[in-house]
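Got your viewer open? Load the model, and let's walk through it one selection at a time.

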Amino acid sequence: MFKVIIVDDYDEMSDCAFDIVKEIVASKPDCVLGLATGSSPIGLYQRMIKDHLDNGTTYTAVRTVNLDEYLGLPKSHPESYYSFMHTNLFSGLDIPASSIRLPEDGPDKILQGALYDELLNSLDIDLQLLGLGSNGHIGFNEPGTPLDSTTHVVELKESTRRDNARFFASIDEVPTHAITMGVASILKARQILVVASGSNKAEAVAAMINGPQTTDVPASALQLHPDVIVVVDKAAAQKL
Ligand code: F6R
C-alpha cells in the first residue's frame with residue numbers, strides 16, 4: 001500500500017525523506033537501513049550528515065546494506081557505488097565500517113550473490129530506501145526481472161546506461177553489468193521509502209502506483225508491499 005507525499009521540489013523531497021529516516025533512527029538506534037545510490041538520495045544523505053554534526057545523532061548501532069554495485073569497476077573507482085556511498089554518506093557519519101555492506105564483485109558471481117543473500121536473510125531491513133529508474137527499475141532490477149528474484153547479476157539496459165552516463169566521461173565507460181538485490185529481497189523490508197524527482201520520472205512513478213502489476217515495470221511490484229512511502233516532487237507526480 002502506498003502513502004504518496006507530493007512536495008514542491010528536490011529540496012523538500014530530501015527534507016521529507018530525512019524526517020522519515022531520522023524518526024526510524026531515533027526510535028530504533030540499532031535499525032537496519034537499506035540504502036541506494038544515485039542523484040535522488042544525495043539531498044537526504046547531506047541532511048543526515050548535517051544532523052549528525054549539528055545535533056549529534058549517532059549511527060554507531062545502525063547497520064546498512066546497499067542495493068547494488070557495478071561489476072567491472074574496482075571499489076576505488078570514483079563511480080563505484082562503494083566510493084559513492086563513502087563519499088556521499090559514510091565518511092560523514094559514525095557507522096562502524098564493519099556494519100556497512102554492499103554487494104561485491106568477485107570471480108564467482110553466483111557465490112557473491114549467494115553470500116549477499118545469506119547476509120540479507122540474517123537481517124531484517126527496517127527501512128529500504130529506493131530511487132526509481134526512468135524505466136521503472138528498482139535497485140538494478142531491470143524490466144523483465146521476476147518477482148521472486150534474489151541477489152543476482154544483471155545486464156544493464158541501454159536506457160539505464162544512458163541515464164548513468166552523466167557520471168562517466170562517455171557512455172562507453174558505463175559498466176554493462178551490475179549485481180543487485182532482487183525484487184523479493186526488497187519486498188522483505190519492513191518499510192520502503194521511494195524518492196523521485198523530475199519530469200523524467202513521471203511515467204515510472206505513475207506506472208509504479210497506478211499501472212498494472214507487471215515485471216515490465218519492476219517498481220510495480222511495490223504494490224504488493226503493505227507499507228511504502230513515496231515522496232515525489234510535483235514534476236515527478238504530474239502523471240498521477
Ligand atoms: C541505485 C539504484 C537505482 C537508482 C535509480 C535512480 O543504487 O539502485 O535504482 O535508484 O536508477 O537513479 P537516480 O536517483 O540517479 O535518478
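Begin with helix α3 and pick out Y81, S83, F84 and M85, which are the buried residues there. Keep in mind as you look around that this is a predicted model.

**Stop 1: around α3**

Now show what lies over those buried residues of α3: the cover includes β2 (32–35), α2 (42–55), β3, β4 and α5.

Zoom in on S83, which sits in helix α3. Is S83 buried or exposed? Its relative accessible area is 11%, so S83 counts as buried, the cut-off for that being under 20%. Select K75, S76, H77 and P78 as well: S83 is in contact with these four, once its neighbours within four places in sequence are set aside.

**Stop 2: a glycine in α2**

One of the elements covering α3 was α2, and G43 is found in that helix. Colour G43 by accessibility and you should get a low value: the relative accessible area is 1%, so this residue is buried. Which residues does G43 touch, not counting those up to four places away in sequence? Select Y10 and S14 to see them. Try the distance tool on the first of the pair: G43 and Y10 are 33 residues apart in sequence, with 7.7 Å from C-alpha to C-alpha.

**Stop 3: the largest pocket**

Next, centre the view on T37, G38, S39, N164 and R166. These are the lining residues that lie nearest the centre of the largest pocket, out of 29 that line it. Three elements each give two or more residues to this lining: β4 (68–70), α3 (81–88) and α5 (158–164). Which of them gives the most? That is α5, with three residues. The space inside comes to about 500 Å³.

Try colouring the lining by residue type. You'll find 11 nonpolar residues, 13 polar ones and five charged ones.

**Stop 4: along α4**

Select residues 109–121 to bring up helix α4. The helix has 13 residues and reaches 18 Å from its first C-alpha to its last, close to the 18 Å expected at 1.5 Å a residue.

Now highlight Q112, G113, Y116, D117, L119 and L120, the buried residues of α4. Look down the axis: they cover an arc of only 160 degrees around it, so they end up on the same side of α4. Then turn the helix around and select I110, E118 and N121, which are exposed residues on the face pointing away from the buried side.

What covers the buried residues of α4? The list includes β3 (63–66), β5 (100–101), β8 (177–180) and α6 (183–187).

**Stop 5: E142 in a loop**

Move on to the loop between β6 (127–130) and β7 (152–155), where you'll find E142. Buried or exposed? With a relative accessible area of 3%, E142 counts as buried. Show its contacts, leaving aside neighbours within four places in sequence, and you get N135, H137, E155, L156, K157, T160 and P218. For one of these, T160, check the C-alpha separation from E142: the two are 8.6 Å apart in space and 18 residues apart in sequence.

**Stop 6: V217 in another loop**

Select V217, in the loop between α7 (202–210) and β10 (228–233). This residue counts as buried because its relative accessibility is 16%, under the 20% cut-off. Beyond neighbours within four places in sequence, V217 is in contact with G136, A207 and M208. Add N135 to the view too: its C-alpha is 7.2 Å from that of V217, though 82 residues separate the pair along the chain.

**Last stop: α7**

Finally, highlight A202, A204, V205, A206, M208 and I209, the buried residues of α7. What covers them includes β1 (2–7), β9 (191–196) and β10.

From that group, centre on V205, which is in helix α7. Its relative accessible area is 0%, so V205 is buried. Leaving out neighbours within four places in sequence, V205 is in contact with L132, A196, V232, A236 and L240. To finish, draw a line from the C-alpha of V205 to that of V230: they are separated by 8.9 Å, and the residues are 25 apart along the chain.

Key. Residues numbered from 1 in each chain as written. Predicted model: local features only at pLDDT ≥ 70, side-chain atom pairs only at ≥ 80, totals over all residues. Heavy atoms only, no water. 1 Å grid on protein atoms, 1.4 Å probe; cavity = no way out; pocket = protein on both sides within 12 Å on 5 of 7 lines; lining within 4 Å. Points joined across faces, edges and corners; volume = space filled by probe spheres on them. Helix = DSSP H or I, 4+ residues; strand = E, 2+ residues; numbered from the N terminus. Nonpolar A, V, L, I, M, F, W, Y, C, P; charged D, E, K, R; others polar. Expected span 1.5 Å × (residues − 1). Buried < 20%, exposed > 50% of the residue type's maximum accessible area, 1.4 Å probe, protein only. Arc of directions from axis to C-beta. Contact = heavy atoms within 4.5 Å.
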